[in-house]
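Let's take a walk around the charged pairs and the nonpolar surface of this protein. Have the viewer open and follow along.

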Amino acid sequence: VQLQFELPVRGATRIVVYNSRGRRVATVLDQVMDAGPGQIVWDGVDFQGRAVSSGVYFLRMSQDSLNRTVKAVVVR
């Protein structure tokens, strides 16, 4: 899953993947990012390096007061 985004300010940025039940599956970004465009790729694996099953997942990006969530569908 490729996610492109635009950050309004420099700051600590985190992107976490949740499954459809709201359980955290993976953290794909946790670092200070500069303002402007950014991009990450989630390779479809969980915290333990195992491939996740097919289904709907939610990638939540947070930075200070900014919170965005996008839906991703994994098909295996």
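A quick bit of vocabulary to start: a residue counts as exposed when its relative accessible area is over 50%, as buried when it is under 20%, and as partly exposed in between. Keep in mind that this is a predicted model. With that cut-off, Asp30 is exposed, because its relative accessible area is 52%.

Asp30 has a partner: Arg14 forms a salt bridge with it, and the closest N and O atoms sit 3.2 Å apart. Arg14 belongs to strand E2 and Asp30 to strand E3, so this pair ties together parts 16 residues apart in sequence. Arg14 itself is partly exposed, at 32% relative accessibility.

The structure holds three salt bridges, so where are the others? Look at Asp34 and Arg10, whose closest N and O atoms are 2.5 Å apart. Here both ends are in loops: Asp34 is in the one between strands E3 and E4, Arg10 in the one between strands E1 and E2, so the bridge links parts 24 residues apart in sequence. Arg10 is exposed at 55%, while Asp34 is partly exposed at 47%.

Then there's Arg50 with Asp46, where the closest N and O atoms are 3.2 Å apart. Asp46 counts as buried, at 17% relative accessibility, whereas Arg50 is partly exposed at 49%.

Now for something without charge. Val56, Val73 and Val75 make a nonpolar surface patch of about 280 Å². Val73 lies in strand E6, which covers residues 66-74, and is exposed with a relative accessible area of 56%.

Terms used:
Residues are numbered from 1 along each chain as its sequence is written. This is a predicted model: local features need pLDDT of at least 70, side-chain atom pairs count only at pLDDT 80 or more; totals for chains, interfaces and linings use all residues. Side-chain values use heavy atoms; hydrogens and water are left out. Patches are made of residues with over 30% relative accessible area and no salt bridge: like charges are joined within 9 Å, nonpolar side chains (Val, Leu, Ile, Met, Phe, Trp, Tyr) within 5 Å. Accessible areas come from the Shrake-Rupley method with a 1.4 Å probe; for residues, only the protein chains shown count as cover. A salt bridge is a side-chain nitrogen of Lys or Arg within 4 Å of a carboxyl oxygen of Asp or Glu. Helices (H or I, at least four residues) and strands (E, at least two) are DSSP runs, numbered from the N terminus. Buried means under 20% relative accessible area, exposed over 50%, partly exposed in between (1.4 Å probe, protein chains only).
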